[in-house]
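Student: I've just opened this one and I'm new to it. Can you walk me through it with some questions and answers?

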Amino acid sequence: MATLPVFRWHLAPDGYATRRQLRARNLRPGGQDVAAQLERPRRRRPPLVAYLYRLDLAKPVRPMTPGRWAALAKANAARRLCPACRRDAGYVIPAALGTCVPCAYPDPDGSEGNT
């Protein structure tokens, strides 16, 4: 197995990009293997590593189908549904709370918080 070329941070040659950089250009790796890696040195810790892909082998991002849009909308709706009161909170329920804010912190006076 051949070793990957290693470049220092910000010194990669043209023609390589990370996954995020590919996505910003509406590209994807398209099944290609990692072509090189970047290393950012850190004190007293192992270096940060970013994998690079070749731009000439990258493929366009696949378009969203109506079925994928529907599945994404359903998943996001499930993240907004409070398991305690079964209402749509209008925002993504925080994982730390597990319920919507009114259920997590009920008002001791019984009012809805309108002043």
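Tutor: Sure, and let's start at Arg86. This is a predicted model, and in it Arg86 has a relative accessible area of 56%. Exposed means over 50%, so Arg86 counts as exposed.

Student: Where is Arg86 found, and what is its phi?

Tutor: Phi is usually negative in residues other than glycine. Arg86 goes the other way, with a positive value. As for its place, Arg86 lies in the loop between helix H2 (66-80) and helix H3 (101-104). Its phi is near 60°.

Student: What about His10: is it buried or exposed?

Tutor: His10 belongs to the loop between E1 and E2. Phi is positive here too, near 70°, in a residue other than glycine. With a relative accessibility of 73%, His10 counts as exposed.

Student: Let's zoom out. What pattern does the protein follow along the sequence?

Tutor: Its parts are three helices and six strands. Reading along the sequence, you meet them as β-β-α-β-β-β-β-α-α.

Student: What is the order of the strands in the open sheet?

Tutor: This open sheet has four strands, and their pairing is mixed. At its edges sit strand E1 (6-8) and E2, each of which pairs on one side only. Put together, the order is E1-E4-E5-E2.

Student: Which residue in E4 is the bridge partner of Phe7?

Tutor: Strands of a sheet can pair in a parallel or an antiparallel way, through backbone hydrogen bonds. E1 and strand E4 (residues 36-42) run parallel and are joined by three bridges. In E4, the partner of Phe7 is Leu38.

Student: How many bridges pair E4 with E5?

Tutor: These two strands form a hairpin with two residues between them, where Arg44 takes a positive phi near 55°. Across the pair, Gln37 stands opposite Tyr51 in E5. The sense is antiparallel, and the number of bridges is six.

Student: And which residue of E5 stands opposite Tyr16?

Tutor: For this one, look at E2 and E5. They pair in the antiparallel sense over two bridges. The residue in E5 opposite Tyr16 is Arg54.

Student: What is the volume of the largest pocket, and which elements give two or more residues to its lining?

Tutor: The volume is about 200 Å³. Of the 15 lining residues, the closest to the centre are Ala12, Tyr16, Gln21, Leu38 and Leu52. The elements that give two or more residues to the lining are strand E2 (16-17) and strand E5 (45-54).

Student: How many of the lining residues are nonpolar?

Tutor: Sort the lining of the largest pocket by class. Four residues are polar and two are charged. The nonpolar ones number nine.

Student: What is the radius of gyration of the whole protein?

Tutor: The C-alpha trace spans about 65 × 45 × 30 Å along its principal axes. A compact globule of 115 residues would have a radius of gyration near 13 Å. For this protein the value is 23 Å.

Student: Last one: what share of the residues counts as buried?

Tutor: Buried means under 20% relative accessible area. As for contacts, take those with a separation of 6 or more: residues 24 or more positions apart account for 48% of them. Of the 115 residues, the share that counts as buried is 16%.

Technical notes:
Residues are numbered from 1 along each chain as its sequence is written. This is a predicted model: local features need pLDDT of at least 70, side-chain atom pairs count only at pLDDT 80 or more; totals for chains, interfaces and linings use all residues. Side-chain values use heavy atoms; hydrogens and water are left out. On a 1 Å grid over the protein atoms alone, a cavity is a set of points where a 1.4 Å probe fits but cannot get out, and a pocket is an open set with protein on both sides within 12 Å along at least five of seven lines; lining residues have an atom within 4 Å of a point. Grid points are joined across faces, edges and corners, and a volume is the space filled by probe spheres set on the points. Ala, Val, Leu, Ile, Met, Phe, Trp, Tyr, Cys and Pro count as nonpolar, Asp, Glu, Lys and Arg as charged, and the others, Gly among them, as polar. Two strands pair if DSSP finds at least two bridges between them. The radius of gyration is taken over C-alpha atoms; the globule rule is 2.2 Å times the number of residues to the power 0.38. Buried means under 20% relative accessible area, exposed over 50%, partly exposed in between (1.4 Å probe, protein chains only). Contact means heavy atoms within 4.5 Å.
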